[in-house]
Amino acid sequence: MREQSDRHQARHVDRRDQGMRRQRLVTQAAAGGATALALLFGWMFAQPAPAPAAEQPAAPAKKPPSTKKPPATKKPAAKQPATGTDDDADLKAPPEAPVEEPPQEEEAAPPPDTQSGGS
Amino acid sequence: MRSLRAAPPRAAFSALGTTAVLLVTDGEALAEGERLLRAGLAEVDAAYSRFREDSEIVRLGAYEGRAAPVSPLLAEALHAALRAAAATDGLVDPTVGQAMIDLGYDRDFALMDADGATPAPRPAPGYWRVRLDTGTRQVVVPRGVRLDLGSTGKAYAADRAAARIAALGCGVLVSLGGDLATAGPPPEGGWLVGVGDDHRAAAPGDPVVTIRSGALATSSVTQRAWRRGGRAVHHIVDPRTGDLPAPVWRTVTVAARSCVDANAAATAAIVRGDGADAWLDEAGLPARLVGHDGRVVTVGGWRSHA
């Protein structure tokens, strides 16, 4: 039984295995280095800007700009949308109503000035 | 009183496919008034004749839904038409152009064919789809929408001409196909106007009214009528159907402050049919309505002797 398992295990490390192990080490080292560099740069850029050299009077605590209030939503128009006719869309009555002339005998009555009718 | 009255100086000529009549209270202003009227109507024809390929309103079609610049005259006429449409709840709508063409009214009335086929009527696209900016004088007419200012266009031309001629310092009455506008002081006794189905000639029994200011317009289905698709049709279209309105009123005459308002109300009454008399009365517009059965109804303070 033991002889059988020993037969399946590597008994020596040949040059090929050594090369592969070395390559794995190099890859792991490179990955570790890259991670370390990334952390270093991240830390550097995360540092706050240096304070101004000159001393300035303390400014009053600035109120954070309030979010601009959006304009109120307009109530939807009850009528059709504007088409350039927003002004006064009512038909206007005349200052004076027409007055029908009393019927006259045709010979006595002169013709009217003009005629209103279909055209 | 009427028999002692001198008739005011008068000029009459053909224009816009109908008759133009000018009356003035001062004979010396007649020649200049006629010149102004002819010039004004030529401008109107060039701006919004539906039957001229080179008119501004026809050329709007080339913009295919994009904003188009318009002349001051067309902007004002469009504004008047859109306002009339809003005031009549869309019963007088300038977007009925295609419906008029479908009914066969696609050229000057004198040149129309005797008969022909008609496609199924379609409702007008709706005046609210036309966007007019009077400030920048730009209009957006949706692609495929054809405008027809026939109803209010003549009335606007009458208002405009009367105001211009009155600036000569006299009283004026301008009538375009029976839609008339006055401006300035009236003659002694007022302007005498016959009222009937036809603006060209009075029929026996037609009443005569006196007006001193404002305007008077008549819409009638008895004029500008033709045959199409084997039936009698006319020039007043119901924008809601694109077809002829129900035959309730034959002729409606309305008095209003301006000719545009009078014309819009008269045309809207024909289109509205039943209930038009109550609608005019509620609006306070003096009116005389004649039904297809000959009955006469006067409302809104129209003083009748019938």
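At what angle do helix α1 and helix α3 of chain B pack? The close-ups below start there. This is a predicted model, in which local features need pLDDT of at least 70 and side-chain atom pairs count only at pLDDT 80 or more, while totals for chains, interfaces and linings use all residues. Residues are numbered from 1 along each chain as its sequence is written, with chains lettered from A and ligands numbered from 1 in the order in which they are written.

**View 1. Two helices of chain B pack against each other.** Helix α1 (residues 30–48) and helix α3 (residues 72–87) of chain B pack at about 75 degrees, with axes 9 Å apart. That makes α1(B) roughly perpendicular to α3(B) (the label covers 65 to 115 degrees). Axes are lines fitted to C-alpha atoms over the stretch in contact, and angles run from 0 to 180 degrees between N-to-C directions. Helices are DSSP runs of H or I with at least four residues; strands are E runs of at least two, and both are numbered from the N terminus.

**View 2. Here are the residues where α1(B) and α3(B) meet.** Glu43(B), Ala47(B) and Tyr48(B) from α1(B) meet Leu73(B), Leu74(B) and Ala77(B) from α3(B). Contact here means C-beta atoms, placed from the backbone, within 7 Å.

**View 3. Chains A and B share an open sheet of four strands.** The order is β1(A)-β9(B)-β8(B)-β2(A), with mixed pairing. β1 (99–100) and β2 (114–118) of chain A stand at the edges with a single partner strand each, so one side of each has no neighbour in the sheet. Strands count as paired if DSSP finds at least two bridges between them.

**View 4. At one edge, β1(A) pairs with β9(B).** β9 covers residues 208–211 of chain B, and the two strands pair in the antiparallel sense over two bridges. Look for Val99(A) opposite Thr210(B).

**View 5. At the other edge, β2(A) pairs with β8(B).** β8 covers residues 191–198 of chain B, and this pairing is in the parallel sense over four bridges. Thr114(A) sits opposite Val193(B).

**View 6. The two chains touch through 32 residues from chain A and 69 residues from chain B.** On the side of chain A that touches chain B, β1 and β2 of chain A are the elements that give two or more residues. β2(A) gives the most, with five residues.

**View 7. Ala158(B) has plenty of partners to pick out.** Not counting residues up to four places away in sequence, Ala158(B) touches Val174(B), Ser175(B), Leu176(B), Asp179(B), Leu180(B), Ala181(B) and Cys259(B).

Notes. Parallel < 35°, antiparallel > 145°, perpendicular 65-115°, else oblique.
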